[in-house]
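This briefing goes through selected local features of one protein chain, grouped by topic. Please read it alongside the sequence and the model.

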Amino acid sequence: MDEVIQVTQWLSSITPRKKAKLFFFTTHADAPSPMVGSNDVDTHEETQLPLATTVALHNFKNIDEFLKKKVNTFSCYNVIENEITKTDYEYLRFYSACKYLDVVPPFLDLEKISAIQNKFEMTDEERDYRLLLDSADLVLEKVCDSLKPAGVSQMWTALRKDRNLIRGVKTIDIIGFFVDPNPTGIKECLFFFIVRFLQKADKINRVNTNRLERLIAQCDESSSCEEGKTIDFIIDSLRFYPTELYPFGFCLIMCVIEGRDGAMQEIEKTMEISRHLGMITHTEKNPTKETIELVKKELMKPKYQFYSSFTCWFMSHGDSNSMMLADGETIEREWFLTSFPDISTFQLKPKVFFMVSCRGANKFSLKGDEFEGQSATCDYYDIGSALIRNRMLDITDSVRDISYVQPMMDTLVAYSTILDHLSGRANTHGSIYVDRACVLMSENISRGRSLTEILEHLSQDLHEILQETMDEDRIVYKQACHYDSFFRKTLKLPYTRHPKEDVHSAPQ
């Protein structure tokens, strides 16, 4: 059959809603960096004009032409070995979006996709199409699905009132002030236009969504939300780190085995819980400084930009400032923690570090007098909320910026003990902290808990456990863990996401 006929038949089989979504997912395909929403991600012509004309004319002709152009480009594309190109990214994103929406063209060359995945050095686990989808776009798709056409129309009206933001933007004028978003697929096109416009204007990205939340907050709940949804529910969904679908992220496990009883148990537990959470896992036993440098270099490879999060378990002996490596050398804990978050492939994504080692030799020994204390009530802060609001600064958009980000932002560091204190372990099972952390994460999968909620529970649980030193003094003590967070959103634990168990249901 002639290819033109095949493409025409394929397009005619796709609903308007799915066309809008396919266009939306595909227009981030040419982003070779994880900085979604930056000015050089998308061109004006590619992402905004087809959406604007579709909304204005209630006609999907320009989106159809865009999709035809993509298909024709891929049909003629010759995969060049070793060199990763813009078209490679586009091809993978397009394929994953088609797979997700259940609209894969029957004539799409899957061998080319496999060849591109080879260039990215993807493992068998990483060839799952869900890895290639942009999790932030999936969250925005759900927001769109939660809104009625009237809700998106109200967002558009609110956006049009911000004259400083829309001044001189031709695509805004193409759509006009009053929009009928009720025809099938038009609501989606209008919502996706608003999103891409705000990204292009550097007002939102995968972490900073305040500007979009404010538009949604101006909607009338009774007329703007689909059944069972509320404005608060929709806005709350934007306040979590986007980690949709499988995999939940990439997990690196580094464990010094030499001289640490139960270390293999630690590895088994952290691997099990990581896989149970739906992470793709890599383990380094007995790491050295050279190993760490090689791992950092590996994580800079382009394929890691497709991951939604990064988790690292580092388990070894240590003191207040450093951690012991397998070869007897030490590394500064601070150096380790500041070198990983700066890796570009994980910018604007949650990065979690579990640092499991002693940070000194002090112990919180259990002596009778130390349990005595007195309580005090503090009512110095009983200030009326209205008074607080009246004294707040008026922070305008002109003094806000989302372009420049401190490297440690979106990072959480969880320590197995507090500074200058021991981190306890059992002879056969290894770190007690690792054991309890894995148990609590396993118990709370599918309960909608956030990571920080689990860590707070872990702090309580660990501090109830009586431990004993292994020396001749046999001192009974308690261990206190804590975490430092630079998170800007909430990181929720996922539901169990084993690839074979995740039954795909295509969106409408």
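Glu-121 counts as partly exposed, because its relative accessibility is 46%, which falls between the 20% limit for buried and the 50% limit for exposed. The model is a predicted one. Glu-121 sits in the loop between α7 (110–119) and α8 (129–132), and its phi is positive, about 60 degrees, although it is not a glycine.

**Other positive phi angles**

- Asp-420 is likewise not a glycine, and it has a positive phi of about 75 degrees.
- The loop that holds Asp-420 runs between β8 (411–415) and β9 (425–426).
- With a relative accessible area of 34%, Asp-420 is partly exposed.
- His-58, just after α4, takes a positive phi of about 55 degrees.
- Helix α4 itself covers residues 49–57, and its buried residues include Pro-50, Leu-51, Ala-52, Thr-53, Thr-54 and Val-55.

**Salt bridges**

- Over the whole structure, a search finds 25 salt bridges.
- One of them joins the side chains of Asp-435 and Lys-269, at 2.7 Å from N to O.
- This pair links distant parts of the chain, since Asp-435 belongs to helix α21 (residues 432–444) and Lys-269 to helix α17 (residues 263–276), 166 residues apart.
- The two partners fall in separate accessibility classes: Asp-435 is partly exposed, with a relative accessible area of 22%, whereas Lys-269 counts as buried at 13% relative accessibility.
- Glu-65 and Lys-68 form a salt bridge through their side chains, at 3.8 Å from N to O.
- Both residues belong to helix α5 (residues 61–76), and because they are three residues apart there, about one helical turn separates them.
- An α-helix has 3.6 residues a turn, so residues three or four places apart point the same way.
- Glu-65 is partly exposed at 41% relative accessibility, and Lys-68 is partly exposed at 26%.
- The side chains of Glu-468 and Arg-474 also meet in a salt bridge, at 3.1 Å from N to O.
- Glu-468 is partly exposed, its relative accessible area being 36%, and Arg-474 is partly exposed too, at 39% relative accessibility.
- A network of salt bridges links Arg-17, Lys-21, Glu-141, Asp-145, Lys-187 and Glu-188.

**Negative surface patch**

- Asp-220, Glu-221, Asp-232 and Asp-236 form a negative surface patch.
- Within this patch, Asp-220 lies in the loop between α14 (210–217) and α15 (221–224).
- Asp-220 is partly exposed, with a relative accessible area of 39%, and this value passes the accessibility cut-off for patch residues, because that cut-off is over 30%.

**Buried residues and contacts across the sequence**

- Pro-247 is found in the loop between α16 (231–237) and β1 (249–255).
- Although it is in a loop, Pro-247 is buried, with a relative accessible area of 3%.
- Between the C-alpha atoms of Pro-247 and Ser-308 the distance is 7.8 Å, while the two residues are 61 apart in sequence.
- Met-355 is part of strand β6 (residues 351–356).
- At 1% relative accessibility, Met-355 counts as buried.
- Met-355 and Ser-316 are 39 residues apart in sequence, and their C-alpha atoms are 8.6 Å apart in space.

**Annotated region**

- An unreviewed UniProt entry carries the annotation "domain: Caspase family p10", which covers residues 410–443.
- Over residues 410–443, the chain is 35% helix and 26% strand.
- The C-alpha atoms at the two ends of residues 410–443 are 25 Å apart.

Terms used: Residues numbered from 1 in each chain as written. Predicted model: local features only at pLDDT ≥ 70, side-chain atom pairs only at ≥ 80, totals over all residues. Heavy atoms only, no water. Patch = residues over 30% accessible without salt bridge, like charges linked within 9 Å, V, L, I, M, F, W, Y side chains within 5 Å. Areas by Shrake-Rupley, 256 points an atom, 1.4 Å probe, with all protein chains shown as cover. Salt bridge = Lys/Arg side-chain N within 4 Å of Asp/Glu carboxyl O. Lys, Arg positive; Asp, Glu negative; His and termini not counted. Charge placed at Lys NZ, Arg CZ, Asp CG, Glu CD. Helix = DSSP H or I, 4+ residues; strand = E, 2+ residues; numbered from the N terminus. Buried < 20%, exposed > 50% of the residue type's maximum accessible area, 1.4 Å probe, protein only. UniProt positions renumbered as here; feature names shortened; annotations may be inferred.
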